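Got your viewer open? Load the model below, switch on cartoon plus side-chain sticks, and follow along stop by stop.

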Amino acid sequence: MTVLVECKHQDKYTLIQMDDGKANALGFEMLAQLESALDQAEEAGKVVILCGRPGKFSAGFDLSVMGSGGDDVLALLRSGANLSRRLLAFPAPVILAVSGHAIAMGGLLTLSADYRIGIHGTYKIGLNEVAIGMTLPYFGIELARERLAATHLASAVTLAKLYDSVAAVEAGFLDEVVSEEDLMAQAIATAEAFAALDKAAFKNTKARTREALLDRLAKAIEKELG
């Protein structure tokens, strides 16, 4: 098995890194390895930092699967939706170190985490499904409605606008932007700050905050993906 996801436990956080040597496409194996890494992180009970490879956080779902049609498409969408749902419900804080482009499902992952740090540069973040002839799944629409600024919802979802990192903060895909060389240092500093939060209080408050969204996501997944 090719290792696509590495999980490294540190004193106050668990680092999960995606790296397929390419665009970090979210295929079945990548998603399975992400779930396995989250299992380990949940057992460790620490803050999670999820990052990509230099220049690419994730270009979204594996297009070789998405273009094939049939049950595999639904299965892949369901796996991606379940990953988003897991991040939203994860008992510890989840930080995304968005190390480059975050497109389509990569963009939806930014809408599934607790805190998102991007980097300055020519990188693009957003939901380009409509531009490439795909209808955004219902679970993605629910995420966008919940996490994106209302003034950007139509542009980001229906018009497939892609954002640079600074504009992505205004739109709601990111919380802050730093230089590329400072990304991991800032993610680690943020993780260490979040590690000081009371674990039980965080878990319970996050669950209450996300309860309505998680209910809507469950209905959206059932409606479209079974």
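**Stop one: the sheet edge**

Select I125 and look straight across: it stands opposite Y163 in strand 9. Before going on, know that this is a predicted model, where local features need pLDDT of at least 70, side-chain atom pairs count only at pLDDT 80 or more, and totals for chains, interfaces and linings use all residues. Residues are numbered from 1 along each chain as its sequence is written, and side-chain values use heavy atoms, with hydrogens and water left out.

Now colour strand 8 (residues 125–126) and strand 9: they run antiparallel, joined by two bridges. Helices (H or I, at least four residues) and strands (E, at least two) are DSSP runs, numbered from the N terminus; two strands pair if DSSP finds at least two bridges between them. Zoom out and you'll find an open sheet of four strands in the order 4-6-8-9, with mixed pairing. Its edges are strand 4 (55–58) and strand 9 (162–163), each pairing on one side only.

**Stop two: aromatic pairs**

Stay on Y163 and add F173. Their rings form a tilted pair, 5.7 Å centre to centre with 50° between the planes. (Rings of Phe, Tyr and Trp, its six-membered ring, pair if their centres lie within 6.5 Å; planes under 30 degrees apart count as stacked, over 60 as edge-to-face and the rest as tilted.) Y163 lies in strand 9 and F173 in the loop between helix 7 (165–171) and strand 10 (176–178), so the pair ties together parts that are ten residues apart in sequence. Are Y163 and F173 buried or exposed? Both are buried, where buried means under 20% relative accessible area, exposed over 50%, and partly exposed in between (1.4 Å probe, protein chains only).

**Stop three: the core**

Keep F173 selected and add I16, L26, L34 and F139: of the 56 residues in the largest nonpolar core, these five touch the most other members. Such a core is a set of buried Ala, Val, Leu, Ile, Met, Phe, Trp, Tyr and Cys residues joined through side-chain atoms within 4.5 Å. Helix 3 (residues 71–89) supplies the largest share of this core, seven residues. Next, pick out V47, I117, V178 and A191, which are among the 14 residues of a second, separate core.

**Last stop: a lysine over a ring**

Finish on Y138. K223 lies over its face, 4.2 Å from the ring centre; a charge sits over a ring if NZ of Lys or CZ of Arg is within 6 Å of the ring centre and within 35 degrees of the ring normal.
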